[in-house]
Amino acid sequence: MLERPLLYIVSPTYVLESCELDESTSVYERNVPEKISNELIARQLHFFARNKPRRVILLLATGERVLGEVMSVQGTDVKIACFEQIRMIHADTIVAIYAAK
């Protein structure tokens with residue numbers, strides 16, 4: 001004959017609370033530099049920036065001519081040393097580059 005327990009204790013039910021935790025998830029977004037739209041202008045600028053400084057004439061879309069040396073190219077920003085000042089020019093405004101004599 002089977003004996004039944006005298007006292008039957010029900011195991012407690014666990015309540016799963018849905019608690020909203022602030023999770024520290026970092027999303028890494030790479031800053032992709034803007035590209036110069038004209039490939040020929042981009043190659044010429046990078047060439048003049050890496051070699052020894054040469055005087056160049058930049059013809060801008062506004063018709064302005066800038067005489068100076070290309071110091072560096074960062075994305076679409078071109079750093080030009082002209083006379084005794086440094087100018088930042090957006091590369092997409094450059095129409096043509098000529099070597100100054």
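Of the 101 residues in the chain, 23% count as buried. The model is a predicted one. About 9,100 Å² of the chain is exposed, and carbon and sulfur atoms supply 53% of that area. Among contacts with a separation of 6 or more, 43% are accounted for by residues 24 or more positions apart.

The chain has 1 helix and 5 strands. Read from the N terminus, these elements run α-β-β-β-β-β. The strands form an open sheet of 5 strands in the order 4-3-2-1-5, with antiparallel pairing. Strand 4 and strand 5 are the edge strands, and each of them pairs on one side only. From one strand to the next, the twist averages 45 degrees.

The pairing can be followed along the chain, starting with strand 1 and strand 2. These two strands run antiparallel and are joined by 5 bridges. At one place along this pairing, Val56 stands opposite Gly68 of strand 2. Strand 1 and strand 2 form a hairpin, with 4 residues between them. In the turn of this hairpin, Gly63 has a positive phi of about 95 degrees.

Strand 2 (residues 65-74) also pairs with strand 3 (residues 77-82), again in the antiparallel sense, over 5 bridges. Val70 has Ile80 of strand 3 as its bridge partner, and Glu69 stands opposite Ala81 of strand 3. In a regular strand, side chains alternate between the two faces of the sheet. The hairpin of strand 2 and strand 3 has 2 residues between the strands, and Gly75 in this hairpin takes a positive phi near 65 degrees.

After strand 3 comes a loop that leads to strand 4, and Phe83 has its place there. Most residues other than glycine have a negative phi. Phe83 is not a glycine, yet its phi is positive, near 55 degrees. Phe83 counts as exposed because its relative accessibility is 70%, and the exposed class begins over 50%.

The next topic is the interior. The largest nonpolar core has 18 residues. Those with the most contacts inside this core are Leu45, Leu58, Val70, Val78, Ile80, Ile94 and Ile97. Helix 1 (39-50), strand 1 (55-60), strand 2, strand 3 and strand 5 each supply at least two residues of the core. Helix 1 gives the largest share, with 4 residues. Val70 and Ile80 thus appear twice in this account: they are bridge partners, and both are listed among the core residues with the most contacts.

Ile94 shows how one core residue is surrounded. Leaving aside neighbours within four places in sequence, Ile94 is in contact with Ile41, Leu45, Leu58, Leu59, Leu60, Val78 and Ile89. Of these partners, Leu45, Leu58 and Val78 are also among the residues with the most contacts inside the core.

Thr93 lies in the loop between strand 4 (85-90) and strand 5 (94-99). Is Thr93 buried or exposed, or does it fall in between? Thr93 counts as partly exposed because its relative accessibility is 32%, and that class lies between the 20% limit for buried and the 50% limit for exposed. Apart from its neighbours within four places in sequence, Thr93 is in contact with Leu59, Leu60 and Ala61. Leu59 and Leu60 are contacts of Ile94 as well. Thr93 and Ser37 are 56 residues apart in sequence, while their C-alpha atoms are 10.0 Å apart in space.

The last topic is charge pairing. The structure holds 1 salt bridge. Arg87 forms a salt bridge with Glu64, and the closest N and O atoms are 3.1 Å apart. The pair links distant parts of the chain, as Arg87 is in strand 4, Glu64 is in the loop between strand 1 and strand 2, and 23 residues separate them. Arg87 is partly exposed, with a relative accessible area of 26%. Glu64 is partly exposed too, with a relative accessible area of 32%.

Key. Residues numbered from 1 in each chain as written. Predicted model: local features only at pLDDT ≥ 70, side-chain atom pairs only at ≥ 80, totals over all residues. Heavy atoms only, no water. Buried < 20%, exposed > 50% of the residue type's maximum accessible area, 1.4 Å probe, protein only. Contact = heavy atoms within 4.5 Å. Areas by Shrake-Rupley, 256 points an atom, 1.4 Å probe, with all protein chains shown as cover. Pairing = 2+ DSSP bridges. Axes fitted to C-alpha atoms, helices over the stretch in contact; angles between N-to-C directions. Core = buried A, V, L, I, M, F, W, Y, C linked by side-chain atoms within 4.5 Å. Salt bridge = Lys/Arg side-chain N within 4 Å of Asp/Glu carboxyl O.
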